[in-house]
Amino acid sequence: MSFAVVGHPRSGTTWASNWLTTGATLCLHDPLLTHSVDQLRELRLPRPWGISCTVLMFLPDELATLTRRIVVLQRPLAECNASLRRVGLDTLLPDAAQSADLSPARLRPGRFDALEIDHQGLFAAAVAERAWRHLLPGVAFDALRHAELCRYDIQPRFGAHPPDPEAVRSWAAKAAAAVQELRVPPR
């Protein structure tokens with residue numbers, strides 16, 4: 001795996017996945033709904049590829065086995081929750097989400113080559129180009145394609161692609177354990 005984008009739900013991960021998928025690259029969105037971490041670790045593709053994920057930020061040890069190069073999308077929790085409500089989904093658990101600092105520091109400096117950006121930066125050409133070059137050095141940034149994609153509202157269609165039940169169970173168990181770890185103060 002070449003790269004990862006991580007952020008809370010409703011912080012642009014679906015859009016980022018679409019943007020980072022081209023004829024030369026591939027970006028899987030929320031892959032833990034369909035693949036295990038072991039499957040992702042073993043996946044070999046003939047082009048640069050990565051993930052855009054709303055879960056692996058809670059699992060830095062797992063993320064570190066996949067890639068070092070990441071972009072962290074920041075969006076205030078209140079905005080994420082408001083957006084989740086607008087689309088009819090449950091909000092994030094306040095206590096877990098407040099503990100889940102998405103800064104590169106939370107992801108332990110030295111383990112990751114992390115770039116932190118505001119989620120709105122995805123739609124600003126200069127910020128997006130910086131993120132692209134961070135994630136995909138050596139792959140040309142296509143400013144025209146980026147500008148065209150900025151015109152679209154890209155959302156997941158969960159009903160069209162049902163998750164694998166075993167992958168969801170595995171994801172839920174890992175996410176619950178990670179959230180529990182966040183609730184326990186460090187010693």
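This section describes helix α4, the salt bridges, the aromatic pairs and the surroundings of P137 in a predicted model.

Helix α4 spans residues 77–86, and its buried residues are L77, C80, N81, S83 and L84. Viewed down the axis of α4, these buried residues fall within an arc of 165°, so they line one face of the helix. The spacing can be read against the general geometry of such elements: an α-helix has 3.6 residues a turn, so residues three or four places apart point the same way. The other side of α4 carries the exposed residues A78, R85 and R86. Just after α4, G88 adopts a positive phi of about 85°.

Salt bridges were considered next. Side chains of opposite charge can pair when their charged atoms come close. The count in this model comes to 6 salt bridges. In one of them, R41 is joined to E62, with the closest N and O atoms 3.7 Å apart. R41 belongs to helix α2 (residues 37–42) and E62 to helix α3 (residues 60–64), so the pair ties together parts that are 21 residues apart in sequence. R41 counts as partly exposed, at 28% relative accessibility. E62 is likewise partly exposed, with a relative accessible area of 24%.

A salt bridge also forms between the side chains of R75 and E79, at 3.2 Å from N to O. R75 has a relative accessible area of 17% and is therefore buried, the limit being under 20%. Its partner E79 is partly exposed, with a relative accessible area of 35%. The side chains of E148 and R151 meet at 2.7 Å, N to O, in a further salt bridge. Here E148 is partly exposed at 34% relative accessibility, whereas R151 is exposed, with a relative accessible area of 60%. Salt bridges with shared partners join D38, R41 and E62 into one network.

The aromatic residues were examined in the same model. A pair of aromatic rings is described by the distance of the centres and the angle of the planes. The structure holds 4 aromatic pairs. In the pair of W15 and F123, the ring centres are 4.7 Å apart and the planes lie at 65°, so the arrangement is edge-to-face; the cut-off for this class is an angle over 60 degrees. This pair links distant parts of the chain, as W15 lies in helix α1 (residues 13–19) and F123 in the loop between β5 (113–118) and α6, 108 residues apart. The two partners differ in accessibility class: W15 is buried at 4% relative accessibility, and F123 is partly exposed at 33%. One aromatic cluster is formed by W15, W19, F123, W132 and F141.

P137 is located in the loop between α6 (125–135) and α7 (143–149). Leaving aside residues up to four places away in sequence, P137 touches R69 and W132. The second of these contacts, W132, is also a member of the aromatic cluster that includes W15 and F123. P137 and S2 are 135 residues apart in sequence, while their C-alpha atoms are 9.9 Å apart in space.

Notes:
Residues are numbered from 1 along each chain as its sequence is written. This is a predicted model: local features need pLDDT of at least 70, side-chain atom pairs count only at pLDDT 80 or more; totals for chains, interfaces and linings use all residues. Side-chain values use heavy atoms; hydrogens and water are left out. Helices (H or I, at least four residues) and strands (E, at least two) are DSSP runs, numbered from the N terminus. Contact means heavy atoms within 4.5 Å. Buried means under 20% relative accessible area, exposed over 50%, partly exposed in between (1.4 Å probe, protein chains only). The arc is that of the directions from the helix axis to the C-beta atoms. A salt bridge is a side-chain nitrogen of Lys or Arg within 4 Å of a carboxyl oxygen of Asp or Glu. Rings of Phe, Tyr and Trp (its six-membered ring) pair if their centres lie within 6.5 Å; planes under 30 degrees apart count as stacked, over 60 as edge-to-face and the rest as tilted.
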